[in-house]
Amino acid sequence: MADMHTTARPRSGAARICTILGFVFAVIAILFLPPLFGLAGLILGIVGAVLGDKPLGWYAAVASVAGAILGMVIGAALYNS
């Protein structure tokens, strides 16, 4: 058992920063420019997850997509009213 190799990367500070920025951009995407900030949050969430901040990196990526969709729905509703 001592010879088992792990494939998981250790979490780095850069991974946590990317994940946090992914969540911040998810919230900003609800209010301003949903496609731009949603895409940026998605990329940062994926980068955070790949660098080792799992599962929060993946959660940030999903939250960014959800924030972008919600922001576009709210924008369309305000535009059409």
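Exposed here means over 50% relative accessible area, buried means under 20%, and partly exposed is anything in between. Keep those cut-offs in mind, because L33, at 56% relative accessibility, counts as exposed. Everything below comes from a predicted model.

**The overall layout**

Let's start with the fold. The protein chain has three helices and zero strands, so to speak an α-α-α pattern when you read along the sequence. Of its 81 residues, 27% count as buried. The table sets out two of the helices.

| Helix | Number of residues | Reach, first to last C-alpha | Expected at 1.5 Å a residue |
|---|---|---|---|
| α1 | 19 residues | 28 Å | 27 Å |
| α2 | 17 residues | 24 Å | 24 Å |

In both cases the reach is close to what is expected, for α1 and for α2 alike.

**Two helices with a buried side**

Take α1, which runs over residues 13-31. Its buried residues are A15, C18, T19, G22, A26 and A29. Looking down the axis of α1, you'd find these within an arc of 100°, so they line one face of the helix. Turn to the face pointing away from that buried side and you meet the exposed residues I17, V27 and L31.

Helix α2 covers residues 34-50, and its buried residues are P34, G38, G41, L44, G45, G48 and A49. Seen down the axis of α2, they fall within an arc of 135°, so here too the buried residues line one face of the helix. The face turned away from the buried side of α2 carries P35 and L36, both exposed.

One of the buried residues in α2 deserves a closer look. L44 sits in that helix, and it counts as buried because its relative accessibility is 18%, where the cut-off is under 20%. Along the sequence, L44 and S64 are 20 residues apart, while in space their C-alpha atoms are 9.4 Å apart.

**What the record says about the membrane**

An unreviewed UniProt entry lists residues 20-50 and 56-79 under "transmembrane region". How far apart are the end C-alpha atoms of residues 20-50? They lie 14 Å apart, and the span is 94% helix and 0% strand. For residues 56-79, the end C-alpha atoms lie 34 Å apart, with 100% helix and 0% strand.

**The loops**

Now for the connections between helices. L33 lies in the loop between α1 and α2. Its phi is near 40°, a positive value in a residue other than glycine. Most residues other than glycine have a negative phi, and most peptide bonds are trans.

The loop between α2 and α3 has something to check as well. P55 is found there, and a cis peptide bond with omega of about -5° joins K54 and P55.

**A salt bridge across the chain**

How many salt bridges does the count come to? The count is one, and the partners are R16 and D53, whose side chains meet at 3.0 Å, N to O. This pair links distant parts of the chain: R16 is in helix α1, D53 is in the loop between α2 and α3, and the two are 37 residues apart.

Are R16 and D53 buried or exposed? R16 counts as partly exposed because its relative accessibility is 29%, between the 20% and 50% cut-offs. D53 is buried, because its relative accessible area of 2% is under 20%.

**A nonpolar patch on the surface**

Last stop is the surface. F23, I46, V50, L56, W58 and Y59 make a nonpolar patch of about 530 Å². Helices α2 and α3 (56-80) each supply at least two residues of the patch. Which helix gives the largest share? That is α3, with three residues.

L56 is one of the patch residues, and its place is in helix α3. With a relative accessible area of 33%, L56 is partly exposed, because that value falls between 20% and 50%.

Conventions. Residues numbered from 1 in each chain as written. Predicted model: local features only at pLDDT ≥ 70, side-chain atom pairs only at ≥ 80, totals over all residues. Heavy atoms only, no water. UniProt positions renumbered as here; feature names shortened; annotations may be inferred. Helix = DSSP H or I, 4+ residues; strand = E, 2+ residues; numbered from the N terminus. Patch = residues over 30% accessible without salt bridge, like charges linked within 9 Å, V, L, I, M, F, W, Y side chains within 5 Å. Areas by Shrake-Rupley, 256 points an atom, 1.4 Å probe, with all protein chains shown as cover. Salt bridge = Lys/Arg side-chain N within 4 Å of Asp/Glu carboxyl O. Buried < 20%, exposed > 50% of the residue type's maximum accessible area, 1.4 Å probe, protein only. Expected span 1.5 Å × (residues − 1). Arc of directions from axis to C-beta.
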